[in-house]
Amino acid sequence: MSSKHYDYSIRRKLVYFFSLSAIIALIISTTTMLVYSYLHEKESVINDSIKLAKVSGKNIAASLLFIDKNTCKNILKPILNDTNIQYIAIYNQNGQLFTSIGTNESNKKTLAKEISSMEKDVLFSIDLNYINILTTIFYDNDVIGYLEVHTTTNKIKQHMIEQALASLLIMLITIFIVILLAIKLEKMFLKPIFTLLDAMQYLRKNKDFDIELIPSSKDEFGELFNEFNIMAYEINKRDKILHEHNLDLELLVNTTNKELKTTQENLDKVSILATTDALTNLYNRRHIMDIFDEMIKKAKENKKHIGIIMLDIDHFKLVNDTLGHQAGDVVLKEVSHILQENAREVDNVGRIGGEEFLILCKESDIKTLKYIAERLRKNVEEKIIQYEENKTTQVKISLGIYSCIPNITKEELIKIADDALYNAKETGRNKVSIGVKN
Amino acid sequence: MKTVYILLIAFIIPLFASNQERDLQAVFLGRFAKFIEWPQNNRDVFTITLINENPFEDLLDKLYIGKTIHGKKIKIKYVTDVKDIGLSDILFITLDDQKDVGKVIKYAQKHSILTISEQRGFAQRGGIIQLGFVMQKPYLVINYDSATKSKIKISSSLLAIAQDVIKEEAE
């Protein structure tokens with residue numbers, strides 16, 4: 001069966017299978033029957049000829065022994081009424097033709113020449129059209145002559161044709177019955193298969209394993225249905241367990257997510273705490289120094305300016321001493337707020353000491369730097385700070401600035417800016433002083 | 001016409017029997033035995049007797065001595081008188097005198113002897129087989145009634161080749 005045939009429907013397969021089996025069986029049986037029939041008919045014709053020779057031998061014995069050809073012919077003539085017998089020849093003891101009747105259509109195949117070498121009482125030759133039989137004629141236990149009969153194979157052919165036709169008819173009837181049987185079997189086999197198929201499609205579409213097939217028979221299909229039911233039950237049971245596990249897992253995931261979120265928030269808080277100053281929310285010293293390192297590195301690479309503003313609040317100790325530490329903290333917060341608000345977006349503002357601040361300005365030459373510093377100073381100076389209800393104060397700041405394409409260390413840069421700040425303090429405070437590289 | 005032809009043949013046969021026909025006649029004497037059934041007897045020889053002349057010379061001796069018919073050794077006997085016939089199975093008659101022929105036939109009927117002769121009218125006179133030849137082919141007249149009187153049974157096969165069978169019932 002080729003791969004194409006595997007795609008045929010079961011019905012076609014059944015019809016093919018049964019028809020083929022029936023045809024093969026019938027061909028074998030018909031062939032066997034025809035061969036048997038042929039052999040049987042051949043045997044029958046030979047036996048008939050032997051009987052004929054025996055009977056004729058008695059009847060024609062006298063005419064043969066007393067050389068009466070006419071009587072011999074007359075005795076034999078009725079035998080030719082059998083249209084299958086075409087030719088009869090009588091030979092004397094010496095094998096010479098005594099007389100013959102009928103027509104020797106198969107003249108060349110006469111067996112007369114075999115008489116001299118005849119070892120058995122009967123000889124025969126057979127071809128498609130004739131069976132030629134040569135038998136010895138005995139009378140009173142003596143060989144008195146030989147009888148040759150040529151019989152056509154028409155009777156055998158006719159019989160075989162009849163048998164072949166009968167076989168063909170039987171074959172057709174059998175094939176018809178086989179097809180009916182195949183259709184019946186198809187229903188018998190396919191109904192449970194389709195039921196199973198429907199159930200499987202239902203499972204696939206609806207994911208509903210709470211299903212049960214009722215077996216209609218106790219055969220293999222019944223077992224298949226039972227196994228299907230067990231499978232569906234097991235899957236259903238497993239699904240329920242999985243569903244429960246899923247719920248637990250979801251709960252676990254949600255909880256974990258929340259915990260992770262909390263942890264992340266805490267981490268963020270820690271991170272902020274680690275990088276910012278708790279009071280002012282500005283970068284703390286360590287973090288602004290890290291940023292400073294990074295800015296110097298980039299400015300060196302890009303050969304760009306970097307600007308530094310160092311500032312502190314003038315007479316801040318006096319604020320603490322006269323207004324209290326709480327007021328000092330408010331002042332620090334307010335100043336930090338002004339610095340943050342008035343610096344540029346790209347600038348980094350950090351608190352590096354009690355009242356000391358550092359502002360790092362990206363790509364800023366001294367002119368830009370001075371402009372920013374003055375703006376800061378002015379805004380702080382103008383700011384009225386309320387440190388308690390109905391209690392206000394004002395502070396000022398001194399600033400040291402420096403800008404360069406960095407070819408010196410961070411510490412040297414800070415020193416230059418710090419020196420400039422010192423200079424601003426020394427020269428009257430509330431002012432901006434530009435640093436100089438020594 | 002057929003009767004005239006038969007009568008003509010019957011006259012000619014004895015007069016012109018050729019040597020070949022004589023040979024056939026000798027062979028046929030023995031062959032007749034195959035188609036004849038004699039009453040049971042205890043004889044251990046099968047006797048062929050020739051009465052009167054012997055037209056076969058030594059041919060019968062050559063053909064039959066040392067051979068058997070119906071399992072019995074063949075004996076050839078030549079006699080001239082009816083008294084000498086004795087116990088025979090086949091009697092070939094060449095007598096010319098019809099009176100003598102009648103006596104022989106009577107004797108033969110009494111002793112169940114198959115009588116054969118080539119004489120014309122032999123079967124009509126009570127002989128059993130009249131054996132003649134026409135164109136070297138056998139011409140047989142069989143007296144069935146005579147055979148019956150002699151308690152001899154003749155095979156239908158032999159009767160079938162007879163040109164004439166004398167049988168009262170048939171007539």
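1. Let me start with the pairing of β2 and β5 in chain B. Strand β2(B), residues 45-51, runs parallel to β5(B), and 4 bridges link the two. If you want a spot to look at, I48(B) stands opposite I90(B) of β5(B). Please keep in mind that this is a predicted model.

2. Strand β5(B) has a second partner to look at. With β6(B), residues 114-117, β5(B) again pairs in the parallel sense, over 4 bridges. Here I90(B) stands opposite L114(B) in β6(B). I90(B) therefore makes a handy landmark for your viewer, as it faces I48(B) in β2(B) and L114(B) in β6(B).3. What covers the route from β5(B) to β6(B), in terms of elements and handedness? Helix α4(B), residues 98-110, joins the two strands in a β-α-β unit, and this unit is right-handed.

4. Now for the side chains of β5(B), which spans residues 90-93. Are its two faces covered or open? Both are covered: I90(B) and F92(B) are buried on one side, while L91(B) and I93(B) are buried on the other.

5. A few totals for chain B round this off. Its secondary structure consists of 6 helices and 10 strands. The chain has 171 residues, and 50% of them count as buried. Its accessible surface is about 9,100 Å², with 53% of that belonging to carbon and sulfur atoms.

6. On contacts, consider the pairs in chain B with a separation of 6 or more: residues 24 or more positions apart account for 60% of these contacts.

Technical notes. Residues are numbered from 1 along each chain as its sequence is written. Chains are lettered from A and ligands numbered from 1 in the order in which they are written. This is a predicted model: local features need pLDDT of at least 70, side-chain atom pairs count only at pLDDT 80 or more; totals for chains, interfaces and linings use all residues. Side-chain values use heavy atoms; hydrogens and water are left out. Buried means under 20% relative accessible area, exposed over 50%, partly exposed in between (1.4 Å probe, protein chains only). Contact means heavy atoms within 4.5 Å. Accessible areas come from the Shrake-Rupley method with a 1.4 Å probe; for residues, only the protein chains shown count as cover. Two strands pair if DSSP finds at least two bridges between them. A crossover is right-handed if, with the strands pointing away from the viewer, the path from the first strand over the helix to the second runs clockwise.
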